[in-house]
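The following exercises are to be worked through with the sequence and the model at hand. Each task is followed by a solution in steps.

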Amino acid sequence: MSEPVVCQRCGTVRDSDGDPVAALAWVSDRDSGRTRWLCPTCARAHVRDIESKLPSEWW
């Protein structure tokens with residue numbers, strides 16, 4: 001069984017039984033071998049920071 005997907009910014013947990021299309025809106029990032037996740041709301045709020053490849057400490 002896999003670990004639940006949790007947003008690194010706000011702590012929202014992705015509903016594994018929910019709409020599979022909604023799950024596609026989650027953003028993943030690999031850092032030092034770890035996979036980190038952002039929920040759709042946090043991803044939209046920080047899209048410019050993500051696209052600019054700013055370190056997450058800055059946003």
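**Exercise 1: Cysteines**

In this predicted model, a search of the whole structure finds zero disulfides. Cys-7 takes part in no disulfide, and the nearest cysteine sulfur, that of Cys-10, is 3.7 Å away.

Task: Explain why the sulfur of Cys-39 forms no bond with the closest cysteine sulfur, and determine whether Cys-39 is buried or exposed.

Solution.
1. The cysteine sulfur closest to that of Cys-39 belongs to Cys-42.
2. The two sulfur atoms are 3.7 Å apart, whereas a disulfide requires a pair of cysteine sulfur atoms within 2.5 Å.
3. The sulfur of Cys-39 is therefore too far from that of Cys-42 for a bond.
4. A residue counts as buried under 20% relative accessible area. Cys-39 has a relative accessible area of 3%, so this residue is buried.
5. The relative accessible area of Cys-7 is 4%, and therefore Cys-7 is buried as well.

**Exercise 2: The surroundings of Arg-36**

Task: Locate Arg-36 in the secondary structure, decide whether this residue is buried or exposed, and name side chains with which its own side chain makes polar contacts.

Solution.
1. Arg-36 belongs to strand S2, which comprises residues 34–38.
2. The relative accessibility of Arg-36 is 15%, so Arg-36 counts as buried.
3. One polar contact joins the side chain of Arg-36 to the side chain of Asp-29, at 2.7 Å.
4. Another polar contact joins the side chain of Arg-36 to the side chain of Gln-8, at 3.3 Å.

**Exercise 3: The chain as a whole**

Task: State how many helices and strands the protein chain has, give their order, and describe the extent and surface of the chain.

Solution.
1. The protein chain contains three helices and two strands.
2. Read from the N terminus, these elements follow the order α-β-β-α-α.
3. Along the principal axes, the C-alpha atoms fill a box of roughly 35 × 25 × 15 Å.
4. The accessible surface amounts to about 4800 Å², and 51% of it belongs to carbon and sulfur atoms.
5. The chain has 59 residues, of which 20% count as buried.
6. Of the contacts between residues at least 6 apart in sequence, 35% join residues at least 24 apart.

**Exercise 4: Charged side chains**

Task: State how many positive and negative side chains the protein chain has, and how far apart the centres of the two sets lie.

Solution.
1. There are 8 positive and 9 negative side chains.
2. The centres of these two sets lie 5 Å apart.

Definitions and conventions
Residues are numbered from 1 along each chain as its sequence is written. This is a predicted model: local features need pLDDT of at least 70, side-chain atom pairs count only at pLDDT 80 or more; totals for chains, interfaces and linings use all residues. Side-chain values use heavy atoms; hydrogens and water are left out. Helices (H or I, at least four residues) and strands (E, at least two) are DSSP runs, numbered from the N terminus. Buried means under 20% relative accessible area, exposed over 50%, partly exposed in between (1.4 Å probe, protein chains only). Contact means heavy atoms within 4.5 Å. Accessible areas come from the Shrake-Rupley method with a 1.4 Å probe; for residues, only the protein chains shown count as cover. Lys and Arg count as positive and Asp and Glu as negative; His and the chain ends are not counted. The place of a charge is taken as NZ of Lys, CZ of Arg, CG of Asp or CD of Glu. A polar contact is a pair of N or O atoms within 3.5 Å; within protein, one must be able to donate a hydrogen and the other to accept it, and residues adjacent in sequence count only if both atoms are side-chain atoms.
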